[in-house]
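User: I would like a close look at the enclosed spaces inside this protein, and at what surrounds them. Please take one of them in detail and then set it beside the others.

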Amino acid sequence: MTWSETDQEKILSLVRKHEAKPTQLLQILRDVQEEFHCVPKDAMEIIATELKVSRTTVLAVVEFYSLLSLEQQGRFHILLSDSITDQMLGSRKLMDHLSAKLGVEPGQTRADGLVSLGFTSCTGLCDQGPAGLVNGHWLSRLDGERIDSIVDYVEREIPLDNWPAEFFKVEDNIQSTGLLLESPIENGAALKQAVRNGFDDIFVEINRSGLRGRGGAGFKAAWKWRFCFEGPENSAGLPLAVQTDRYVICNADEGEPGTFKDRILLNSHAHQVFEGMTVCAGVVGAKRGFLYLRGEYLRLRPQLEAVLASRRAKNLLGTSILGRQGFDFEIEIHMGAGAYICGEESALIESLEGKPGMPRVRPPYPIDNGYLGQPTVVNNVETFASVAAIAAYGGAWFASRGTDKSKGSKIISISGDCERPGIYEYDFGVSIAEILLDCGAEHTLGVQVGGPSGGIISNKEYHRKLAFEDLATGGSFMIFDKTRDILEIVRNFTHFFAHESCGFCTPCRVGTTLLKNQVDKFCDGHSGALDLVGMTSLAKFIKSASHCGLGQSAGNPLLGALAHYPDAFKARLKDIDFEPGFDLDESLETARRMSLRDDPMAHLEQEGI
């Protein structure tokens, strides 16, 4: 692109908008991407100079996040979700249709610069797919007719604001309510209770409730907060002074395919989520908080900013909240940019600091050494919504439901082969069979619980319970009926992990790519028994040797499917001991053409073992 003084001024203006803070690098780059449809090289030079960081630092951030691009994208940038549930609804055929109509291949920008196409990971619309994004905004319930209309609007260069509203319509789609969704609190109710009774009492109630983090790991929320409040120990083994800076982070990077419950909570219950964050701030002594919102949820940002403004106007945020001196707390929304790994709390903090979202070596943990090296609480959206309800209604109210080890309720996102996909809330302890009955799932092959990083439950295990002591989950239920090919499901998940690897450690960076290639070979019917043994060993190695949860989960789809559906794998085996993973002679074809040779000495033979 041609660079002008006007363009330079635009870049400087965007940097000034974010006060030229290095921690705001990702936010600056998002704005640049939106303005120029890429991150130009000249822009990186200016940003590096203004932020007093190296150009390499800026480049590393651009290359890390999938929603940022060094290459020019179209004025209309369309991405279709490649999640397994979208594929089941025909997303690949829709992409073929869209590509043919627009005359541009996925991954490319049309020569006139008007439009570019691509695939993306789950958009958080699994219950309303096939879904996609156009210039970062949701597209729901896509079909051939809607694709034809989109092509027409693009070709006529109609601004998105003038597209039909139903293209972007996203419903909460709540099918079943429980403890939380039936009893939303009034704005300010939890904070009034906290100011009236004191934050020590609120901590007691949170502890009494037995609340555990709703992200899947299930760490007890009250004690995470206590450790953050006490801070890291000094050399004498004593807690540091209470005046140490502390931070509260809400993890809204809901990137696990098949999960969309946080979308509903932020859309319809944002006040309660922000109230839970503010209660937490009062307990741990934090003055500043962040909502880390996944880049695919861009459409929610304006209304979330409006909710924050409303809370400030009612003195539920800001200084001396509800008249209590010293109770000061502010919340800032920080946008992600398409990186599944940022759902891991330490990677999220790295991203929040304006860096590539690579997981940190732990310990130390965020409660000791988090944002800017300070004690930090990181909980997810559902956890903070639960906190506000507990503060308002009491710990006993919450603990009266669920099981001994899993108190309260769980909100789950159901998609796939069922009559009624959507949001369901259950008390912990409910059986998988009951959930399947409620959502209208029949003739099921299995249920993927917890997204690709979780595990598949076969139709022989539907007696199992939704609980931390049995099936713990961040909230994703993807249902597959008996018409589905379990190997294609494994293929989709394995490709997902290879694409989302941050590249930090070799077992994950290299291993997930090797595993993807081996799974492709197996699914295409070119593998023998020795290949299956090698593929299984590789999955176990990646799982045991990887640095963070992504790599440690990358082998789960293959290993889980192999354990539950061995006959499907046996049926795909070829009756050979070995077949090459690639054609060695074919790989030399380019060299033969360049050298104008095609004699026998220019060919190689490759024999099996």
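**The second largest cavity and its surroundings**

Analyst: In this predicted model, the second largest cavity holds about 80 Å³ of space. Its lining is made up of 14 residues, and those closest to the centre are Cys502, Phe504, Cys505, Cys508 and Cys548. Helices α19 (506–523) and α21 (549–554) each supply at least two residues of this lining. Sorted by character, the lining of the second largest cavity consists of eight nonpolar residues, five polar ones and one charged residue.

To set this cavity in context, a search of the whole structure finds four cavities of 30 Å³ or more, and the largest cavity encloses about 130 Å³. The largest cavity is lined by 15 residues, of which Arg294, Glu296, Gly338, Ala339 and Tyr340 lie closest to its centre. Helix α18 (residues 486–500) gives the largest share of that lining, namely three residues, while the lining as a whole divides into four nonpolar, seven polar and four charged residues.

Turning from the cavities to buried positions, helix α11 (residues 261–268) is mostly covered, with six of its eight residues buried; these are Lys261, Asp262, Arg263, Ile264, Leu265 and Leu266. Another buried lysine, Lys224, is found in helix α10 (residues 221–230), and Lys224 counts as buried because its relative accessibility is 14%, where the cut-off is under 20%. Leaving aside residues up to four places away in sequence, Lys224 touches Phe219, Glu345, Ile367, Val377, Val378 and Asn379.

How values were computed
Residues numbered from 1 in each chain as written. Predicted model: local features only at pLDDT ≥ 70, side-chain atom pairs only at ≥ 80, totals over all residues. Heavy atoms only, no water. Helix = DSSP H or I, 4+ residues; strand = E, 2+ residues; numbered from the N terminus. Buried < 20%, exposed > 50% of the residue type's maximum accessible area, 1.4 Å probe, protein only. Contact = heavy atoms within 4.5 Å. 1 Å grid on protein atoms, 1.4 Å probe; cavity = no way out; pocket = protein on both sides within 12 Å on 5 of 7 lines; lining within 4 Å. Points joined across faces, edges and corners; volume = space filled by probe spheres on them. Nonpolar A, V, L, I, M, F, W, Y, C, P; charged D, E, K, R; others polar.
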